[in-house]
Amino acid sequence: MPDLGNIEKNLGYKFNNISYLKNALTHTSYLNEHKDVRSSNERMEFLGDSVLGLSVSEFLYKNYKSLPEGVLSKIRASVVCETSLAKLASKLKLGDYLYMGKGELMSGGNLKPSLTSDAMESVIAAIYLDGGFEIVKKMILDWLQDDIIEAAEHRGRETDYKSVLQEYCQSRGFVPEYILTGESGPDHAKVFTSKVTVANGKACEGTGSNKKKAQQDAARKMLELLKVEL
């Protein structure tokens, strides 16, 4: 069983009621093998999504008074997304503490962005229920403020990594090639894996909740490998 004291250290928060954290870390696959556990983190994910959205929305509303509603919405969407939350979950090592069924763990479920991002929202809900909105809002902004500011500078426009990689490769006389290498998970939570290869034989794999996102993730990793500045 995971040592929840360690994840509390990673989060920088000590729970008054540890059951909130346990619930937030419990994936639905765990229930199938532990009949004594009655609830997964799905409902907490719903609550955490709202708490996260409100925290980011309030920060944007107060700090970017000249931006119209449409731009603020785009900025928020670019921060409150699977990629951003999965990155944060990885930084906090959240996947090491998830309660999952053996099959899900064996398939690497604790590392899947679609699942770790959901768990991150659930943990946000757990902190909200345990400590209140002001405490969790401060933690969210500590975690994500740099990302929010960067997104605001770009007015919420997501980087099209595939286009950047395409232009980089074409300028050197070749084109990147993408192939779908994997597909897993139930219909409501599919995870796709795509591999991109360039002319010099270098290859990177990316994952996402659809084929397009998997390709974008693979392209992003390739740009990092090639040290291409965005």
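Visitor: How many residues does helix 11 have, and what span does it reach from its first C-alpha to its last?
Guide: This is a predicted model, where local features need pLDDT of at least 70, side-chain atom pairs count only at pLDDT 80 or more, and totals for chains, interfaces and linings use all residues. Residues are numbered from 1 along each chain as its sequence is written, and side-chain values use heavy atoms, with hydrogens and water left out. Helices (H or I, at least four residues) and strands (E, at least two) are DSSP runs, numbered from the N terminus. Helix 11, residues 211-225, has 15 residues and a reach close to the 21 Å expected at 1.5 Å a residue (1.5 Å times one less than the number of residues): 21 Å.

Visitor: Which residue caps the N-terminal end of helix 11?
Guide: A side-chain oxygen lies 3.2 Å from the backbone nitrogen of lysine 212. That oxygen belongs to asparagine 210.

Visitor: Which elements cover the buried residues of helix 11?
Guide: Buried means under 20% relative accessible area, with a 1.4 Å probe and protein chains only. Among the buried residues are Ala214, Ala218 and Met222. Their cover includes helix 10 (161-170), strand 1 (177-184), strand 2 and strand 3.

Visitor: Is cysteine 204 buried or exposed?
Guide: Cys204 sits on the covered face of strand 3, with Gly206 and Gly208. Its relative accessibility is 11%. Cysteine 204 therefore counts as buried.

Visitor: What is the distance from cysteine 204 to the nearest cysteine sulfur?
Guide: The whole structure holds 0 disulfides (cysteine sulfur pairs within 2.5 Å). Cysteine 204 is in none, and the nearest sulfur, that of cysteine 169, is away by 11 Å.

How values were computed: Buried means under 20% relative accessible area, exposed over 50%, partly exposed in between (1.4 Å probe, protein chains only). Contact means heavy atoms within 4.5 Å. A polar contact is a pair of N or O atoms within 3.5 Å; within protein, one must be able to donate a hydrogen and the other to accept it, and residues adjacent in sequence count only if both atoms are side-chain atoms.
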